[in-house]
Amino acid sequence: MSETTIPRFVIDPREFADQRVLVTGGTKGAGQAIVRRLGAAGAVTVAVARSAVAEGTTPGLFVQADLGTPEGADAVARTVVDKLGGIDILVHNLGGSTAPGGGFAALTDQLWQDELSLNLLGAVRLDRALIPGMIERGRGVVLHISSIQRRLPLHDSTIAYAAAKAALSTYSKALSKELGPKGVRVNSIAPGWIRTTASEALVRRIAEHSGSDEAAARQSIMDALGGIPLGRPSWPEEVAELVAFLASERAASIHGSEYTIDGGTVPTV
Ligand SMILES: NC(=O)c1ccc[n+]([C@@H]2O[C@H](COP(=O)([O-])OP(=O)(O)OC[C@H]3O[C@@H](n4cnc5c(N)ncnc54)[C@H](OP(=O)(O)O)[C@@H]3O)[C@@H](O)[C@H]2O)c1
């Protein structure tokens with residue numbers, strides 16, 4: 001797979017026919033690739049983000065909301081139940097870090113709360129609102145996008161983010177134990193470095209903070225991660241392909257698991 005060419009995969013246009021799919025953070029990066037992938041396979045997609053999207057740039061429904069707030073989660077849940085009667089596949093892709101560099105001392109209570117709201121509570125609130133419908137129907141799929149940082153935290157800039165993702169992975173496992181017997185499959189995905197708008201923004205922030213250029217900043221991320229054996233970050237389309245597999249009937253016996261997609265970055269078993 002090339003470092004410069006976006007990969008293209010064979011898609012069965014009926015695989016997710018009429019399945020109602022909600023993707024949080026579905027307008028950029030991995031979320032946008034997931035919406036496109038499942039939409040191309042026949043799903044009815046709903047993308048959620050804070051900033052409006054240009055007409056026609058996202059297939060299916062778009063709901064404008066800030067999922068860092070309880071009100072945002074309520075508005076999204078109400079809209080999808082009113083318009084679609086519920087959701088069959090819930091992809092909690094929303095996440096990221098807005099904390100400044102500078103390590104533990106730079107992290108105020110408010111910054112901790114922001115990282116936990118964005119990377120954990122947004123998913124918890126939507127699960128609480130939308131999973132009862134799945135239980136009633138006796139079927140459903142929930143996917144939580146975590147990060148390898150939950151096992152490999154970068155101390156300079158993402159301590160709170162890494163801690164929030166660790167909480168998300170454990171929450172996902174706990175939820176799977178409760179929901180498995182009720183027909184709802186729950187899994188999580190731990191990506192390594194994905195080539196997205198957010199990771200490019202992180203490169204620029206580190207370059208600014210350390211007074212170096214982007215190539216040096218990119219190398220510093222590679223070094224902080226201990227290198228990527230495959231030699232490149234993942235494409236959002238590759239993460240979307242893993243989401244499509246785990247959400248499909250092809251993965252019907254995969255439950256309560258976490259799938260790492262990181263080019264071999266995590267150096268341990
Ligand atoms: N990129 C990486 O290297 C990497 C590595 C490991 C894990 N991950 C995880 O993979 C997932 C996707 O990351 P990404 O890099 O693809 O993200 P991204 O490019 O930053 O896209 C984030 C998406 O979330 C939306 N969003 C951000 N804050 C929001 C809020 N408060 N409420 C609603 N929507 C919001 C954004 O749109 P608006 O700005 O318009 O709201 C955008 O659609 C995240 O969970 C991230 O933690 C990423």
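How many nonpolar, polar and charged residues does the lining of the largest cavity have? Let's work our way to that one through the empty spaces of this protein, keeping in mind that what you are looking at is a predicted model.

Start with the general idea. Rolling a probe the size of a water molecule over the atoms shows where empty space is left. In this structure, that search turns up one cavity of 30 Å³ or more. The space inside the largest cavity comes to about 60 Å³. Its lining is made of Thr24, Leu67, His92, Asn93, Leu94, Leu118, Asn119, Gly122, Ala123 and Leu168. If you trace helix 3, which covers residues 109–137, you'll find the element that gives the most to this lining, with four residues. And here is what you were asked at the start: the lining of the largest cavity has five nonpolar residues, five polar ones and no charged ones.

Now let's move on to the pockets. The largest pocket has a volume of about 1,200 Å³. It is lined by 46 residues, and the ones closest to its centre are Gly95, Gly96, Ser97, Thr196 and Ala198. Quite a few elements give two or more residues to this lining: helix 1, strand 2 (44–49), helix 3, helix 4, helix 5 and helix 6 (214–225). Helix 5 gives the most, with six residues. Sort the lining of the largest pocket by class and you get 19 nonpolar, 20 polar and seven charged residues.

So what sits in the largest pocket? The ligand does. Have a look at what is around it: 31 residues surround the ligand, and the closest are Thr27, Ser51, Asn93, Tyr161 and Thr196. Asn93 is a residue you have already met, as part of the lining of the largest cavity. Thr196 should ring a bell too, as one of the residues closest to the centre of the largest pocket.

Three helices each supply at least two residues of the shell around the ligand, namely helix 1 (29–40), helix 4 (159–179) and helix 5 (197–210). The largest share, three residues, comes from helix 5. By class, the shell around the ligand is made up of 12 nonpolar, 15 polar and four charged residues.

Zoom in a bit further and you can pick out some individual side chains. Serine 51 has a side-chain N or O atom 2.3 Å from an oxygen atom of the ligand. For tyrosine 161, the distance from a side-chain N or O atom to a ligand oxygen is 2.7 Å. In the case of lysine 165, it is 2.8 Å. How much of the ligand does the protein cover? On its own, the ligand has 890 Å² of accessible area, and the protein covers 91% of that.

There's one more stop, the second largest pocket, which holds about 310 Å³ of space. Its lining counts 17 residues, with Pro7, Arg8, Ala33, Arg36 and Glu237 nearest its centre. Helix 1 and helix 7 (236–247) are the elements that give two or more residues to this lining. Helix 1 gives the most, with six residues. The lining of the second largest pocket divides into eight nonpolar, three polar and six charged residues. Put that next to the lining of the largest cavity, which has no charged residues.

Conventions. Residues numbered from 1 in each chain as written. Predicted model: local features only at pLDDT ≥ 70, side-chain atom pairs only at ≥ 80, totals over all residues. Heavy atoms only, no water. Near = heavy atom within 4 Å. Polar contact = N/O pair within 3.5 Å; in protein donor to acceptor, adjacent residues only side chain to side chain. Areas by Shrake-Rupley, 256 points an atom, 1.4 Å probe, with all protein chains shown as cover. 1 Å grid on protein atoms, 1.4 Å probe; cavity = no way out; pocket = protein on both sides within 12 Å on 5 of 7 lines; lining within 4 Å. Sits in = over half its atoms within 2 Å of the grid points. Nonpolar A, V, L, I, M, F, W, Y, C, P; charged D, E, K, R; others polar. Points joined across faces, edges and corners; volume = space filled by probe spheres on them.
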